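Biologist: I should like to understand how the inside of this protein is arranged. May we go through the structure together, one question at a time?

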Amino acid sequence: WADPETTPPEPSDLFLTEHTESNNRASVHVLKKKKDSLNSRFEPISQLKSDAIFMVDDDVRVSCPSLALGFQAWTAFPNVMVGYYPRLASPPRTTTRKQGEFVYHGWPTVFFGGTFNFVLTKAAFLHKQYLAIYSDETRHPREILQHVDEHRNCEDVAMSLVIANYTRGASHGSYPIYVEGSVVDKGLFGGISTGSGHMTTRSDCLTALTKIYKDHGWGIPLSFQASLKQQSFVHHYPGFWWQYGPSNFFEWFALGNVFS
């Protein structure tokens, strides 16, 4: 809870019904943060009792079967990020952008190109070790955290870079996993991602954060492109490329940067 001016709800208020028996409820703890920062979501959590973390935005709802499927996928590939929103960071196709820049692409480009290289933490599983790495200046440049605070955006991109940088050069299973599920995004018409210039902002973010990595001599974390078909946990018979779909129908309308 990173809003210091608002009192967080009681854990019991977070359950949908008062009739849920207390012995059937999960244990809920509200963690109060000292600073209103998007980086706060990735601070280490001392109370964790497992290695798995499910990160999800407050306006996103993942169906129970999809959640179980996502956890199954993460259990099989615990060192990578497993999520429901695949994205592609790639060099520009046009000459209007400078060398070294990156372009942020949504589902349409991922689908028709058949490749992606990261998933969004708006709904994703990751290992708890990455929280420690994200907050460690020796393994994650402070300039990136400062960039996130300054622009109040792209903390999810920053985490994807952390994991890609950590797993780069690893053996089989180092690419992110896409889980095709059923996800409702209640922030579609009022969240940060729906604002004017969102795709341009995300592209600028990718370019700036990647440059920080390069300036530290760590190379380009998202220098690869993974096959959507091969890195999808859900497989369709007989396996044609056009059988794969998004976890949310409105992903089809993320048309910004399609020709960039």
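Modeller: We may begin with empty space, bearing in mind that this is a predicted model. A cavity is a set of points where a 1.4 Å probe fits but cannot get out. With a lower limit of 30 Å³, the count comes to one cavity.

Biologist: How much space lies in the largest cavity?

Modeller: The volume is the space filled by probe spheres set on the grid points. For the largest cavity this comes to about 90 Å³.

Biologist: Which residues are the closest to the centre of the largest cavity?

Modeller: The lining of the largest cavity consists of 13 residues. The closest to the centre are Asn117, Ser160, Ile163, Ala164 and Pro176.

Biologist: Which element gives the most to the lining of the largest cavity?

Modeller: Two elements, β7 (118-119) and α5, each give two or more residues to this lining. With four residues, the element that gives the most is α5.

Biologist: How many residues of the lining are charged?

Modeller: The lining of the largest cavity divides into nine nonpolar and four polar residues. The number of charged residues in the lining is therefore none, since Asp, Glu, Lys and Arg are the ones that count as charged.

Biologist: Which element gives the largest share of the largest nonpolar core?

Modeller: The largest nonpolar core has 56 residues, and those with the most contacts inside it are Val82, Tyr84, Leu126, Met159 and Leu222. The largest share of this core, seven residues, comes from α5.

Biologist: Leaving aside neighbours within four places in sequence, which residues are in contact with leucine 222?

Modeller: Leucine 222 is one of the core residues with the most contacts inside the core. Contact here requires heavy atoms within 4.5 Å. Beyond its sequence neighbours, leucine 222 is in contact with Ala89, Phe102, Asn117, Phe118, Leu161, Ala164 and Leu206.

Biologist: Which cysteines form the disulfide?

Modeller: The structure holds one disulfide. A pair qualifies when its sulfur atoms lie within 2.5 Å, and here they are 2.1 Å apart. The pair is cysteine 154 and cysteine 205.

Biologist: How many residues apart are the two cysteines?

Modeller: Cysteine 154 lies in the loop between α4 (142-151) and α5 (155-167), while cysteine 205 belongs to helix α6 (residues 198-215). The disulfide thus links distant parts of the chain, 51 residues apart.

Biologist: Is cysteine 205 buried or exposed?

Modeller: Buried means under 20% relative accessible area. Cysteine 205 has 3% relative accessibility, so cysteine 205 is buried.

Definitions and conventions. Residues numbered from 1 in each chain as written. Predicted model: local features only at pLDDT ≥ 70, side-chain atom pairs only at ≥ 80, totals over all residues. Heavy atoms only, no water. Buried < 20%, exposed > 50% of the residue type's maximum accessible area, 1.4 Å probe, protein only. 1 Å grid on protein atoms, 1.4 Å probe; cavity = no way out; pocket = protein on both sides within 12 Å on 5 of 7 lines; lining within 4 Å. Core = buried A, V, L, I, M, F, W, Y, C linked by side-chain atoms within 4.5 Å.
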